[in-house]
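Work through the exercises below with the structure open beside you. Try each task before you read its solution.

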Amino acid sequence: MVEIAVMGYGVVGTGVIEVLAKHSDGLTRRAHEQMHVKYVLVRRDFPEPPLMGTFTKSFEQIVNDAEVKIVVEVMGGLHPAYDYVRRCLLAGKSVVTSNKELVAAKGADLLQIAKDHNVNFLFEASVGGGIPIIRPMSQCLAANVVIGVAGILNGTTNYILTKMFRNGADFKDALAEAQRLGYAERDPTADIEGLDACRKICILASLAYGKHVYPEQVHTEGITKITKADVEYAEKWGGVVKLIGEVKRVESGKVQIIVCPMLVDRESQLSNVDDVFNGIMVRGDITGDVVFYGKGAGKMPTASAVVADVIDCVKHLKARKYLYWSDGSPDYVEDYREAVRAFYIRAHAVNCDNAFEKAAELFPGASRLTRKNAPAGEFAFTTGKMPEKECDRKLQQLVSSSVTVDGRIRIGEM
Ligand code: HSE
């Protein structure tokens, strides 16, 4: 019998307890040991607590109980989760977490402590909810040099964008629905401003290249500025708008990493990743493109990944799994304005034809887009590829010839 503690009893915590109870026989068979939840750490009072006798408000009781071998952290947030996880690892307990904020900020540190104390620190659920991605990247694709990773990593924003494209839905209504379904973060700003996707691409980048990339090093833009006009122009162009997290290694040895809305061609597999689903494309030098697809948020998909990690910990109580990356450094991330891409621009001017003529002079390969019922004075176009800083410079020149730029979206290549 292996004793487990679960810290947190929110959406994911209740899911974990349910899966452990529901699939108890199968899990025992797979882990070759019975698992027993000895404690559930909660912050509030439960008048009639389920799981009689397991609820505690005392972290000290958990960390000081030598019988507890595996601790599941599903509290979310950085504090007190970081301190608790750290102390559990130092006390020789393996830890499983779904907490992407924690792994993105402190992954290297916690992996080092786990290594030093010969225990496991596993976090499959921190990226892509129920989609297996951490283990496939660290084990199944280990023979490859990763050329790049690009993905739709946030279920809430993908749900919102899908509703905007499919039903012309209002942003606020779609967000409220995503919250009701339990997809969104406690503070949905982290979803819609791209921070959640940023944390996830940081974890994948750290894993892919063996060195920590911290969220504050990543240029991050959310989806709040995407309009109905952009949706219509994107459709005319032959694609959709998706919130993409992307990383690749460049020749200098640095990484190029960004989170932002991108125009994705209908031909791309990522363009069909809709609703709460996530899709992650890993480009290996040997495999070529491998795509991972599934439910990226929600109670049960996330619980599925957490429980799988618990089983892995049970099977490796005395043998460490090799999952590790080193600390990052301030100069490791290239300036995002160096990246070479094509862009979509939406603007307005008194005379659109003249303004587009000027744009075409400035932007080689400019191609005009149209949409039904565009208001007078509005025009849009796509550019040829250029470094982002050059695009910014040319946009300034365009603005100085009496054009107002209302929107710019990067065009993805995945
Ligand atoms: N809020 C997150 C999402 C939950 O919508 O993807 C899963 O990390």
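**Exercise 1. Find the residue of strand 15 that stands opposite Tyr-344, and place this pair in its sheet.**

Step 1. Tyr-344 stands opposite Thr-382 in strand 15. Strands are DSSP runs of E with at least two residues, and helices are runs of H or I with at least four; both are numbered from the N terminus.

Step 2. Strand 13 and strand 15 pair in the antiparallel sense, over five bridges. Two strands count as paired if DSSP finds at least two bridges between them. Ile-345 stands opposite Phe-381 of strand 15.

Step 3. Turn to strand 14. It pairs with strand 15 over three bridges, also in the antiparallel sense. Here Arg-368 has Phe-381 as its bridge partner.

Before going on, note the basis of the model. It is predicted: local features need pLDDT of at least 70, side-chain atom pairs count only at pLDDT 80 or more, and totals for chains, interfaces and linings use all residues. Residues are numbered from 1 along each chain as its sequence is written, and side-chain values use heavy atoms, with hydrogens and water left out.

**Exercise 2. Which strands pair with strand 13 besides strand 15?**

Step 1. Strand 13 covers residues 340-348, and seven of its nine residues are buried. Buried means under 20% relative accessible area, exposed means over 50%, and partly exposed lies in between (1.4 Å probe, protein chains only).

Step 2. Strand 17 (residues 404-411) pairs with strand 13 over seven antiparallel bridges. In this pairing, Ala-342 stands opposite Ile-411.

Step 3. Strand 16 (residues 386-387) also pairs with strand 13, over two antiparallel bridges. Val-340 has Pro-387 of strand 16 as its bridge partner.

**Exercise 3. Why is strand 15 largely enclosed by the rest of the structure?**

Step 1. Check one side. Glu-378, Ala-380 and Thr-382 are buried there.

Step 2. Check the other side. Phe-379 and Phe-381 are buried too.

Step 3. Conclude. Five of the five residues are buried, so strand 15 is largely enclosed.

**Exercise 4. Which residues of helix 13 are buried, and which are exposed?**

Step 1. Helix 13 spans residues 352-362, and its buried residues are Cys-352, Ala-355, Phe-356, Ala-359 and Leu-362. They cover an arc of only 115° around the axis, which puts them on the same side of helix 13. The arc is that of the directions from the helix axis to the C-beta atoms.

Step 2. On the other side, Asp-353, Glu-357 and Glu-361 are exposed.

Step 3. Look for the cover. Strand 14 (367-369), strand 15 (378-382) and helix 14 (388-399) are among what covers the buried residues. Contact means heavy atoms within 4.5 Å.

Step 4. Go to the start of helix 13. A side-chain oxygen of Asn-351 reaches to within 3.1 Å of the backbone nitrogen of Asp-353. A polar contact is a pair of N or O atoms within 3.5 Å; within protein, one must be able to donate a hydrogen and the other to accept it, and residues adjacent in sequence count only if both atoms are side-chain atoms.

**Exercise 5. What lies 2.7 Å from a backbone N or O atom of Gly-155?**

Step 1. An oxygen atom of the ligand lies at that distance.

Step 2. Add Asn-154. One of its polar side-chain atoms is 3.4 Å from an oxygen atom of the ligand.

Step 3. Add Tyr-183. A polar backbone atom of Tyr-183 is 2.8 Å from a nitrogen atom of the ligand.
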